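Here are my notes on this model, in the order I'd look at things. Have the structure open as you read.

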Amino acid sequence: MKSPYLGAIPLRWCDACHVPVLGKRCACGEKTRAVGITPPGDARPAFPSDIRRINQIFEDAFGARLIPDGHLVILNKVPDDDRMEEIILGGAVVGAIRYLPLENRWEALPRPHAATLLTPAKRYLVVTDEAASFIREGSSVLAPGLISIDQHVMAGDEVFVMTPDGTCVGVGRAKMSAEEATAISRGQIVRLRKNSPHIFIPGPATWEDAVRANREILSRMEEDSITFIRDVAEAETLPVTVSYSGGKDSLVTLILANKALGSVPLIFADTGLEFPETYENIEEIQKRYTCTVLKGDGEGGFWKGFAEHGPPAVDLRWCCKACKLTPVKDLIDQHFGECLSLIGQRKYESAKRMQSRRVWRNPNVPNQLSAAPIQNWNAMHVWLYLFQEDAPYNTLYEEGLDRIGCYMCPSSDIAHLILIEERYPDLWSGWRTAVLEWGRQADIKEEWFLSGAWRKNRGKMHDEDSHY
């Protein structure tokens with residue numbers, strides 16, 4: 001799958017402070033170096049729940065945890081069939097995790113630097129020093145160079161390739177099991193993964209350290225966004241609102257709006273499909289920033305659309321118009337007639353939003369002029385700013401969810417939906433019942449839901465952007 005380019009990736013690293021920096025110089029005065037990650041590069045901090053999951057995946061695979069205590073970790077979601085995230089630590093990609101829907105499991109994908117952080121207790125093999133010299137140059141592991149292989153290795157497993165002194169000379173995928181490998185004298189045992197060389201300098205740090213390292217950069221981003229808000233508000237002379245979803249981007253937009261203009265009302269499109277934590281966050285935001293929250297009721301519109309179209313799909317997204325855009329249009333008619341809404345849209349979110357203007361009108365909400373103060377921010381800008389402001393972000397992010405919106409959004413990957421099913425069994429049971437009943441009436445087998453096929457391939461495109 002081709003990696004989309006959504007703009008330059010500003011992620012860099014300060015080896016003196018052991019933190020990510022979004023510019024060429026750290027606040028400590030040291031020059032930073034680029035971190036080679038896969039586009040689109042909208043990387044984010046790893047929360048403790050993410051780190052626990054990664055360590056469990058690596059421990060299951062190799063008998064050892066990957067991430068030591070006290071180190072900053074960044075995750076970068078990359079294009080894949082379902083979900084795959086690169087793991088950045090010490091200014092280098094040390095591995096990745098990939099969800100395999102057909103096997104209902106996560107797979108650990110180590111890079112050579114991972115062996116600096118862990119000593120594999122299983123799924124490794126030892127080669128001769130002579131073979132190691134060729135392997136370092138990119139050659140595969142061949143039977144004549146094998147000294148020993150862990151008994152747990154099966155064909156298709158990811159493995160570490162080690163020398164007798166314990167040095168890792170490569171990682172790759174086993175072409176055969178340990179039993180088969182020890183029975184042959186010729187042939188390829190492991191196909192090595194080609195990895196670009198990366199500088200890797202791990203060291204302890206905190207997110208407070210990262211905020212200090214990026215303070216001047218965040219100040220410039222803040223100043224640009226505040227100037228943009230004031231300029232567009234002055235030019236348009238419309239009542240100003242903030243479109244608030246309960247997510248990180250709209251929270252940053254709210255904070256910037258308050259600094260630029262003072263308290264402004266929030267528009268919240270309540271789809272009736274929100275997480276409980278989102279409603280809690282709305283209440284907390286209202287108290288913290290003493291703002292008015294205007295709610296558009298989209299639940300009725302959703303279920304009316306469901307009865308007509310069936311469950312929404314990636315290529316049949318009738319839902320955004322039904323339960324977000326139309327209710328917001330009606331709410332603006334009722335309260336303002338017309339308004340300017342500040343939207344937490346960022347170009348790093350998708351190719352469509354990269355191409356979007358910074359000020360626009362959605363034809364489905366003609367009484368709303370939309371403006372994107374953080375269009376040029378990436379996810380690291382957003383998170384560092386929220387940490388700096390000690391902002392009350394939605395606690396769902398700390399539970400491993402990176403999408404805050406309708407809990408059954410068809411744009412979610414299977415790994416995300418599995419997590420929701422585990423954490424919110426009652427919500428998911430209700431959704432399962434509704435979809436299966438619709439499927440029975442349409443003479444569709446139950447596997448259609450269980451496999452996740454309801455999310456896509458419905459035969460036509462109807463893509464309404466939810467940013468109103």
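1. Start with the rings: the structure holds 25 aromatic pairs, where a pair means Phe, Tyr or Trp rings (for Trp, the six-membered one) with centres within 6.5 Å. One of them is Phe449 with Trp454, a stacked pair at 6.2 Å centre to centre and 20 degrees between the planes. Planes under 30 degrees apart count as stacked, over 60 as edge-to-face and the rest as tilted. Both Phe449 and Trp454 are buried, that is, under 20% relative accessible area (exposed is over 50%, partly exposed in between; 1.4 Å probe, protein chains only).

2. Before going on, a caveat: this is a predicted model, with local features needing pLDDT of at least 70 and side-chain atom pairs counting only at pLDDT 80 or more, while totals for chains, interfaces and linings use all residues. Residues are numbered from 1 along each chain as its sequence is written, and side-chain values use heavy atoms, leaving out hydrogens and water.

3. Phe449 and Trp454 also belong to a cluster linked by ring pairs, together with Phe302, Trp303, Phe306, Trp318, Trp428 and Trp431.

4. Which residues have the most contacts inside the largest nonpolar core? They are Leu251, Phe302, Leu386, Trp428 and Trp431, in a core of 90 residues. Such a core is a set of buried Ala, Val, Leu, Ile, Met, Phe, Trp, Tyr and Cys residues joined through side-chain atoms within 4.5 Å. Helix α6 gives the most to this core, with eight residues. Apart from it lies another core of 26 residues, including Ile51 and Val73.

5. Now look at helix α12, residues 379-389, where eight of the eleven residues are buried. Among the buried ones are Met380, Trp383 and Leu386. (Helices are DSSP runs of H or I, at least four residues; strands are runs of E, at least two; both are numbered from the N terminus.) The cover over these buried residues includes strand β5 and helices α6 and α7. At the start of α12, a side-chain oxygen of Asn378 comes to within 3.1 Å of the backbone nitrogen of Met380. After the helix comes Asp390, with a positive phi near 50 degrees.

6. Is Asp413, in the loop between α12 and α13, buried or exposed? Asp413 is buried, at 7% relative accessible area. Its side chain makes polar contacts with the side chains of Lys77 (3.1 Å) and Arg83 (2.8 Å). A polar contact is a pair of N or O atoms within 3.5 Å; within protein, one must be able to donate a hydrogen and the other to accept it, and sequence-adjacent residues count only if both atoms are side-chain atoms.

Terms used
Contact = heavy atoms within 4.5 Å.
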